[in-house]
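Q: I'd like a close look at one part of this protein, the metal site, and then a walk outward from there. Could you keep it informal and tie the pieces together?

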Amino acid sequence: MAKILHRPVVVALAMMVMSGMNSIAAASDIFSFSEMQLRATVAGMPSSAAYLKITNNGVSDDRLIAAKATIAQRVEIHSMEMDQGVMRMRAVDGGLAIAAGDSVTLAPGGLHIMLMGLTTDLAPDSQHEIILVFEKAGDIKLTGTAKRPADIMMNMPGHDASHNQDHSKKSQ
Ligand SMILES: [Cu+2]
């Protein structure tokens, strides 16, 4: 059923982007998103990251399996964890499970969309598109705003959400 829904969702989002209604948040029948924020870069910085809160309003569990962007040569979904006193990033194995009715927060110091091999500088306040690829819902295109590190997440509640996910839950 999700496959049938996926095209209308993309069309609806594209229309919202064109009409500028997604400056705060974009929404679909299945997923809603906080404003996506990208870490602004200065000339020559090779990588950046994007952050947002993703909420699954649907009745079936889904999984963020990839992300795509023209501003980077490689885009991966990363986690960041303390390992013997050192912060380490790594690609999330098998994607990010988002259970029906649940939400996951990608935020500095934790989960993030990693943008590697930037093809452009991300000037503060500039806007960039990233496509989130869900296992069932398909591609959803979002527009995010580059922010200076100190300004990221200033307006995003629910910072703790990434810590109450039950990762042991089987979603398939
Ligand atoms: Cu990373």
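Which residues coordinate the copper ion, and through which atoms?

A: Happy to. Keep in mind that this is a predicted model, so every value below is computed from predicted coordinates.

The copper ion is held by two histidines and two methionines: His-78 through ND1, Met-89 through SD, His-112 through NE2 and Met-114 through SD. Those donor distances run from 2.1 to 2.4 Å. The angles among the four donor atoms span 91 to 123°, and the site is tetrahedral. For reference, the ideal angle for four tetrahedral donors is 109.5 degrees. If you want to find the donors by eye in the sequence, look for the spacing H-x10-M-x22-H-x1-M. As for cover by the protein, His-112 and Met-114 are both buried.

Now for the strands that carry these residues. His-78 falls within strand E5, which covers residues 72-83. Met-89 belongs to strand E6, residues 86-91, while His-112 and Met-114 fall in strand E9, residues 112-118. E5 pairs with E9 in the antiparallel sense over six bridges, and E5 also pairs with E6, again antiparallel and over six bridges. That puts E5 in a pairing with each of the two other strands that supply donors.

You can pick out individual partners along these pairings. On the E9 side, Arg-74 stands opposite Met-116. On the E6 side, Met-80 stands opposite Met-89, and Met-89 is the residue that gives its SD atom to the copper ion. E5 and E6 also form a hairpin, with two residues between them. One residue in that turn, Gln-84, has a positive phi of about 50°.

Stepping away from the metal, there's an aromatic patch to look at too. The structure holds three aromatic pairs. One of them is Phe-31 with Phe-134, which is stacked, at 4.1 Å centre to centre and 20° between the planes. This pair links distant parts of the chain: Phe-31 is in strand E1 (residues 31-33) and Phe-134 in strand E10 (residues 127-134), 103 residues apart. Both rings are out of the way of solvent by the numbers, with Phe-31 buried at a relative accessible area of 0% and Phe-134 buried at 2%.

Phe-134 has another ring partner, Phe-33, and that pair is tilted, with 6.4 Å between centres and 45° between planes. It also joins E1 to E10, here across 101 residues. Phe-33 counts as buried as well, at 4% relative accessibility. Put together, Phe-31, Phe-33 and Phe-134 make up one aromatic cluster.

Finally, the whole chain. It has one helix and eleven strands, and the order from the N terminus is the helix followed by the strands. Of the 172 residues, 43% are buried. Among contacts with a separation of 6 or more, 69% are between residues 24 or more positions apart. The accessible surface comes to about 9,300 Å², and carbon and sulfur atoms account for 56% of that.

Conventions: Residues are numbered from 1 along each chain as its sequence is written. This is a predicted model: local features need pLDDT of at least 70, side-chain atom pairs count only at pLDDT 80 or more; totals for chains, interfaces and linings use all residues. Side-chain values use heavy atoms; hydrogens and water are left out. Two strands pair if DSSP finds at least two bridges between them. Helices (H or I, at least four residues) and strands (E, at least two) are DSSP runs, numbered from the N terminus. Buried means under 20% relative accessible area, exposed over 50%, partly exposed in between (1.4 Å probe, protein chains only). Contact means heavy atoms within 4.5 Å. Accessible areas come from the Shrake-Rupley method with a 1.4 Å probe; for residues, only the protein chains shown count as cover. Rings of Phe, Tyr and Trp (its six-membered ring) pair if their centres lie within 6.5 Å; planes under 30 degrees apart count as stacked, over 60 as edge-to-face and the rest as tilted. Donors are N, O and S atoms within 2.8 Å of the metal (3.2 Å for Na, K and Ca); water is not among the atoms, so sites may look incomplete. Four donors count as tetrahedral if all angles lie between 85 and 135 degrees; four count as square planar and six as octahedral if opposite donors are over 155 degrees apart and all others between 65 and 115; anything else is irregular.
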